[in-house]
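Work through the exercises below with the model open beside you. Each task is followed by a solution in steps.

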Amino acid sequence: MTTSTAPTTLYDKVFNAHIVHKDESGSYLLYIDRHLVHEVTSPQAFEGLENADRKVRRPDCTLVTVDHNIPTVSRKSFKSIDSFIDQKDSKLQVQTLEKNVKKFDLTYFGMTDARQGIVHIVGPEQGFTLPGTTVVCGDSHTSTHGAFGSLAFGIGTSEVEHVLATQTIIQKKSKNMRILVNGILSPEITSKDLILHIIHVIGTAGGTGCVIEFAGEAIYKLSMEARMSMCNMAIEAGARAGMIQPDQITFDYIKGRPLAPNGEQWKKAVKYWKTLKSDPDAYFDHEIVIEAKDVIPTITWGTSPQDALPITASVPDPANATDPIQKSGMIRALKYMGLKSNVPFVDISIDKVFIGSCTNARLEDLRNAAKVVNGYKIAPNVKLALVVPGSGLIKRQAEKEGLDKIFEKAGFTWREAGCSMCLGMNPDILDPEERCASTSNRNFEGRQGALSRTHLMSPAMAAAAGIAGKFVDIRKWEYKDPGSPRISVEADNYDDEDYELYKKVQDEEKQPLEEDINSKELKEKNGKKPITAKKKPAGLEKFTILKGVSAILNKANVDTDCIIPKQFLKTIKRTGLKNGLFYELRFVKDANGNDVPTDFILNQPYYDKSEILVVNGDNFGCGSSREHAPWALKDFGIKCYIAPSFGDIFYNNSLKNGLLPIRIPPEIIQNKIIPVIQDTQNKLVVDLPNQNILDENGNIIVEHFDIDAFSKHCLINGLDEIGLTLQKEKYITQYEEVRRDIYSFLEGGSKLVKPINGTKKSLYGVTAQEW
Ligand SMILES: CC(C)[C@H](C(=O)O)[C@@H](O)C(=O)O
Ligand code: SF4
């Protein structure tokens, strides 16, 4: 905790308040107040803890739920995870999570708990997410929580393990970027349109290395739900985090939530939270100004969130692109999306609708969508319109308001909470070449299923597309019922009936919950080896000088979904991912559904032994936080990658696995590195101690590349970061003592979770707009 009188930004304030220790190398150890955990990115982290005989340091700062893998069909007949989840690998991840929750004594909202939901919806809903806190989760959309003025960012699995063991994280200071949105948004324009517009303006690499503060009149007028949608997609702009200063709308949203402070602690908290704003003269490294009036309903046409345009536009023409990488990217995207240039967006018909995800599955989103479909019927060409609420509590409240009936009457399908078709780790996927109007956040190739075609948009626009069968300018929509759907003012979300149901299912589930993942039966069922405690942290191979076959990848914005698609994430191990690496680029299916290798560079003889990847395009490894991406590269044999820029989380994840990502300006890659290896099969030599790159004859190609001193030290010595941090135990304990006093309102955390009937305050009876 440091204090300074110089003008500081909101980000600097929250960052400074969490410094446990600063190294001579300039890297910081930050205290983490809130850690959210889900089933996909945690099994290997818990396994690491177990192997090293470590404990979860602060179970009270940890909250767990299950969201990515679970089916969204009705849970009325739910008996156990074992019988309910068909997909074996999904089942194993959920069961592994439940075993870990039990073993490490963590608070968990499982499938029988109405509070279960998408991790980024559950945290704020419960009041676990609070202003001024540091929030992390093994998930890139942790940026969502920045809507409360918290510093919230996604981490990889190694960092999940680090946080579980030490309640801290090693961080470098990011740059400050402010996006000022002047004026107010026009009617029918939502924060989803605004964030898509912003990403189009700054690009998916626009926020790289920065924490973005969203500011300005248009932002301060947004509800908390709308602010969360904005910050949620800050990661799609490449930023480490997105933040909005907390204000009365924030406080009103939090007040009365189950895990929020109350009484004297509430007053103390609000007093502190009111100080959380950038000082008038604070310095921002980058400043972008957006005029709210310029934003009109926006949708995406391509395979990156930056491929966004106003609904009034037409499909763009690659002939107009000047940059060759951009042009080839556009051609590939249009081919993949099955679109012809110059066709007006409003003439494009769709096959399916998805209203859901951590971006847009909150009550406000469902109300907006319901208002659009009210009184209409789904278009005959629309095969499925799925509505998946973000949490069980949202679902219940929506049902109390009759939204489910409005949707169902219109032919939409009403589901249980989860991530669902946002990435389709559960059975909710698109068939190949189906076109979807989706409220989610990523339109990457294969995101919603193999060869799926995703168009991102607001809930109202997606709902309207379902009715019209094609994209619609929502400003022209004729509402059959101009009034909002009925909004409940009931004070209680939990009633006795809910509690009885909850208890009954919990009792029935006791058996599987207590079943040990190492049990003979489960081993046989899943064909997996038991986890054996090695009692020793896994060390890394040392990285010094690497001379290796070097392959060139001419592609910008290679996202981690492309490096390893979702179907390979359903593992509880870090190894064996080689076959999934660049799966969609390396394989096509033959008539019998078998994988046939393409001529992708890493399939070619000689290059199939590559150890270095030279990426000729920005933003390699953007998107999801899946550490499976570096694991897959490592499994394939790649040890180092060179690119103009990297996705932030991917960059960190690589270092934690002993892999070296090197940032080199594009002109040097194109003019100095590529000529050495192209058509010659020359190897590159990467010398980490000297921080330079040579050809195989020892001639220097790049005199110097940057890497921070701490990461270099860890790579060269193959060090286990958790072990290093635990040597700083004294600083962590000191911080915790001071924190208990100054930020006493953070104590208790997830351990304040009560049985389901314990909360008497409605979570949804009051919304920000009504205050
Ligand atoms: C599974 C998880 C690692 C991933 C993420 O980090 O974002 C997922 O939530 C996604 O949206 O792709
Ligand atoms: S982006 Fe999609 S998959 Fe990822 S956490 Fe959000 S809802 Fe789940």
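**Exercise 1.** In this predicted model, state which cavity is the largest, then describe the shell around ligand 2.

Solution.
- Step 1. The largest cavity is the space that ligand 2 takes up.
- Step 2. List the residues with a heavy atom within 4 Å of the ligand. Around ligand 2 these are His68, Ile118, His120, Asp139, His141, Ser357, Cys358, Cys419, Cys422, Leu423, Asn441 and Arg447.
- Step 3. Sort this shell by residue class: 5 are nonpolar, 5 polar and 2 charged.

**Exercise 2.** Explain where ligand 2 lies with respect to domain 1 and domain 2.

Solution.
- Step 1. Take the bounds: domain 1 spans 10-293 and domain 2 spans 297-476.
- Step 2. Both domains contribute residues to the shell around ligand 2, so the ligand lies between them.

**Exercise 3.** Work out the strand order of the open sheet that contains strand 17, and find its edges.

Solution.
- Step 1. The open sheet has 5 strands, ordered 17-16-15-18-19, with parallel pairing.
- Step 2. Strand 17 (413-414) and strand 19 (453-456) each have a single partner strand, so they are the edges and one side of each has no neighbour in the sheet.
- Step 3. Check one pairing: strand 16 (residues 384-387) pairs with strand 17 in the parallel sense over 2 bridges. Within strand 17, Trp414 is the bridge partner of Val387.

**Exercise 4.** Describe the span that UniProt annotates at residues 541-666.

Solution.
- Step 1. The unreviewed UniProt entry labels this span "domain: Aconitase A/isopropylmalate dehydratase small subunit swivel".
- Step 2. Residues 541-666 are 21% helix and 21% strand, and their end C-alpha atoms lie 29 Å apart.

Conventions: Residues numbered from 1 in each chain as written. Chains lettered and ligands numbered in written order. Predicted model: local features only at pLDDT ≥ 70, side-chain atom pairs only at ≥ 80, totals over all residues. Heavy atoms only, no water. 1 Å grid on protein atoms, 1.4 Å probe; cavity = no way out; pocket = protein on both sides within 12 Å on 5 of 7 lines; lining within 4 Å. Sits in = over half its atoms within 2 Å of the grid points. Nonpolar A, V, L, I, M, F, W, Y, C, P; charged D, E, K, R; others polar. Domains from an automatic or database assignment. Pairing = 2+ DSSP bridges. Helix = DSSP H or I, 4+ residues; strand = E, 2+ residues; numbered from the N terminus. UniProt positions renumbered as here; feature names shortened; annotations may be inferred.
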